[in-house]
Amino acid sequence: MNDDQLLRYSRHILLDEIGIEAQERILASRMLVVGAGGLGSPVLLYLTAAGVGTIGVCDSDRVEVSNLQRQLLHSEADVGRAKPESAVRRLSALNSDVRFEQHPHVTREWLEAHGRDWDLVVECADTFGAKYMVADWCAEAGVPLVWGTVVAMAYQVSVFWSRPPAPVPPTSLRSLHPVEPAPGTTPASPEAGVLGPVVGQAGTTMATEALKVVAGFGEPLLGRVLVVDAAKQRADVLTFAPWG
């Protein structure tokens, strides 16, 4: 790190769990963030501030007025703009050292061609179809996945990795939720609503887990899921069976 980076990341470096070596791993890392909306906004902001070397921003949507209540990456001036473009404009102003790549909707074919270019995937999509598609590919490819979901005032966050370092057991989304819910059988935020700050809580937790995995500190939520009811400010960490 140069002198400017030593100053910029000094509060990380002062932490016993991080120091210079873990911060250098963050600076060298490549993370793919699927979704630049409610969850993706805090994830992208904190990963950028932390100095992740290269961040891929994937989203096919455009900014809408109804997004602004919780998607803090975007402003009124961005309404109608593609979310990756809006996100990178904001994030580049936050940390010019970070390299950004903009991608549209992620497909299975795109992941087959480009997914292994990334050290870790952070899944912030808003449909079960996208969540399971990304999670299934990561499980097959052995790429670690940070996953989260939020509706109303409740959220879940976990980390899945089908090829973790020993002796950590392999896990996948299907270890926790084996079957993708059928359409209409579970509540979704367009119908049930969502409290903006709760999305922020979930996203910042996901960013923390991503940094823990790539930098090698702390205890990531591997084989465990954080379940939070923000209305009651109650949090539980539950364990689940390994994958395979």
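**Salt bridges and a pocket**

A search of the whole structure finds eleven salt bridges. This is a predicted model, in which local features need pLDDT of at least 70, side-chain atom pairs count only at pLDDT 80 or more, and totals for chains, interfaces and linings use all residues. Residues are numbered from 1 along each chain as its sequence is written, and side-chain values use heavy atoms, with hydrogens and water left out.

User: Why is the contact between K131 and E123 called a salt bridge?

Analyst: A salt bridge needs a side-chain nitrogen of Lys or Arg within 4 Å of a carboxyl oxygen of Asp or Glu. The closest N and O atoms of K131 and E123 are 2.9 Å apart. That is within 4 Å, so the pair counts.

User: What makes K131 buried?

Analyst: Buried means under 20% relative accessible area, exposed over 50%, and partly exposed in between (1.4 Å probe, protein chains only). K131 has 4% relative accessibility, so K131 counts as buried. Its partner E123 is buried too, with a relative accessible area of 0%.

User: How do you know that E85 and R81 form a salt bridge?

Analyst: Their side chains meet at 3.5 Å, N to O. The limit is 4 Å, so the pair qualifies.

User: Why is E85 called partly exposed?

Analyst: E85 has 35% relative accessibility. That value lies between the two cut-offs, so E85 is partly exposed.

User: What makes D136 and R174 a salt bridge?

Analyst: Their closest N and O atoms are 2.8 Å apart, and the definition asks for a distance within 4 Å. The pair links distant parts of the chain, 38 residues apart: D136 is in helix α7 (residues 128-141) and R174 in helix α8 (residues 173-176). Helices here are DSSP runs of H or I, at least four residues, numbered from the N terminus.

User: Are D136 and R174 buried or partly exposed?

Analyst: D136 is at 21% and R174 at 32%. Both count as partly exposed.

User: Which residues are linked in a network of salt bridges?

Analyst: R108, E112, R116 and E140 are.

User: What makes six residues in the lining of the second largest pocket nonpolar?

Analyst: Their type decides it. Ala, Val, Leu, Ile, Met, Phe, Trp, Tyr, Cys and Pro count as nonpolar, Asp, Glu, Lys and Arg as charged, and the others, Gly among them, as polar. The lining includes Y9, Y46, A49, A50, A207 and L211, so these count as nonpolar. The lining also has three polar and two charged residues.

Methods:
Helices (H or I, at least four residues) and strands (E, at least two) are DSSP runs, numbered from the N terminus. On a 1 Å grid over the protein atoms alone, a cavity is a set of points where a 1.4 Å probe fits but cannot get out, and a pocket is an open set with protein on both sides within 12 Å along at least five of seven lines; lining residues have an atom within 4 Å of a point.
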